[in-house]
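Here are some exercises to work through with the model open beside you. Try each task before you read its solution.

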Number of protein chains: 2
Amino acid sequence: MTSLGGASEERGGELATASRIRDAAIVRFGRDGFRAGLRTIAADAGVTAGLIVHHFGSKDGLRRACDERVLEFMRREKKKALTDGTGTMLLAQMAQVEQFAPMVLYLLRSMQAGGELAAELIGHMISDAEAYLSAGEAAGVVRPSRDRAARTRYLAYQATGSMLLWFTLHGGDAEPEKFPALFRRYMEELTLPALELFTEGLLADRSMLDEYLMYVPDPPSASPNAADPDGTAS
Amino acid sequence: MTSLGGASEERGGELATASRIRDAAIVRFGRDGFRAGLRTIAADAGVTAGLIVHHFGSKDGLRRACDERVLEFMRREKKKALTDGTGTMLLAQMAQVEQFAPMVLYLLRSMQAGGELAAELIGHMISDAEAYLSAGEAAGVVRPSRDRAARTRYLAYQATGSMLLWFTLHGGDAEPEKFPALFRRYMEELTLPALELFTEGLLADRSMLDEYLMYVPDPPSASPNAADPDGTAS
DNA sequence: CGGGTGATTGAACAAGTGTTTAATCTGGTG
DNA sequence: CACCAGATTAAACACTTGTTCAATCACCCG
């Protein structure tokens, strides 16, 4: 089994049991979703169900540990590849490395299920896009928007959501070996239409936009709000 | 409880039991997801769990019946509003009608879970977009693409996926009363950035697109394939 | 009215779930 | 060595799940 461990968690060449359980859980949750049973995970890790709750308190505790691990991993990996690309690109790169594929799969399952990790992740995506778009705007390669925050959220939701849906439909089996290839294919299918849309747009004239701007003339209204993942209160 | 029944399924003013069960299941599945138990649905419909399997054979049979019902409903409703708008717009309209909101919620749950209905639905979305884009192209309001099929799929996945993700994060509670308002807010947040992107694009110059076209010079390659929901074999 | 057919129920079943508990094993410390 | 704390296990527990079964109920046809 691939070791998802970073450092300071192994002892004498073999991982500490708790970490081994957690990593097995990430793999199994990624493959089967969160309805996977404790006994299955225990068998994967070569232990008993009781031991899992001994170490993590409950199944939810185990899930929290997985969340934290994946999140920490995301942060670490983001620093390494901060220079290039949006969040989707980052995920795509990571999914190529076979060792990291389980993490990405786990992330997809989390967004499929909703919850805190998902909210935090979309928050990351949005702030990544924010930085990326701002830099591009300053450099003159990205056109300014009438409502920058809204556009940022829009783009982040589009990119993340379409990826999630695509994998929900095409990767339902979710064998982790095929996963890197799937991800590559998704990116290949995506690139041309995305680039086309981003450079040339879709509509031939401005009438629709102008009509809307006439009808609703308050784009960048209120809104600095930090409670929600994307700054939009309910 | 609101009656989701069309016609020819009621008898003497009250719905036939099987239909009542099915409709209750649609509401409950939409609210709680497919992990909802048979007994809960039975209680909602005022019957016993055993009766459900007596009528539908199994829980999966019940789900199939719900799928079929929602699909038939979609087809019927699509004919009525064929003139205007893409698939997302259609869903938005339907979600406004309180009577139809449970159906839309059920659809979202289906796409969240994957499976046949989800595949068929994204197929609808794609063929809708195909018709809509072709008409627009012929009328000169939509720019042509280097790979029309790919762009169609791309746009359908973007629209559907971002909607799905948005509701997964913001509508996790999923109280069906608040649902129409949620949907309206989603559309409001979406409209300006979408129109902007569609008419003006995102990038200021063509360099990225041209570089890509230089690097990969075979856009509309093979591909008529009907096995997959979106014409892309695995 | 008699009888049969389908609707409907309540209870039981078997399998699965997360969790608890008591016992055992193991390793380090006094 | 004695001893204790933590790791680990196997079994049991309480609960939910989908499904089955036998019995009852209601109604229509002859």
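A residue counts as buried under 20% relative accessible area, as exposed over 50%, and as partly exposed in between (1.4 Å probe, protein chains only). Helices are DSSP runs of H or I with at least four residues, numbered from the N terminus. This is a predicted model, where local features need pLDDT of at least 70, side-chain atom pairs count only at pLDDT 80 or more, and totals for chains, interfaces and linings use all residues. Residues are numbered from 1 along each chain as its sequence is written, chains are lettered from A in the order in which they are written, and side-chain values use heavy atoms, without hydrogens and water.

**Exercise 1.** Find which residues of α7(A) are buried.

*Solution.* Start with the helix itself: α7 of chain A covers residues 116-139. Its buried residues include A:Leu117, A:Leu121, A:His124, A:Asp128 and A:Gly136. Just after α7(A), A:Gly140 has a positive phi of about 85 degrees.

**Exercise 2.** Check the span of α7(A).

*Solution.* The expected span is 1.5 Å times one less than the number of residues. For the 24 residues of α7(A) this gives 34 Å, and the end C-alpha atoms are 34 Å apart, so the two agree.

**Exercise 3.** Describe the side-chain contacts with DNA strand C, taking a polar contact as a pair of N or O atoms within 3.5 Å.

*Solution.* Look at the bases, where the side chain of A:Arg39 comes 2.9 Å from a base oxygen and that of B:Arg39 lies 3.5 Å from a base nitrogen. Then turn to the backbone: B:Thr48 places a side-chain N or O atom 2.8 Å from a phosphate oxygen.

How values were computed
Polar contact = N/O pair within 3.5 Å; in protein donor to acceptor, adjacent residues only side chain to side chain. Helix = DSSP H or I, 4+ residues; strand = E, 2+ residues; numbered from the N terminus.
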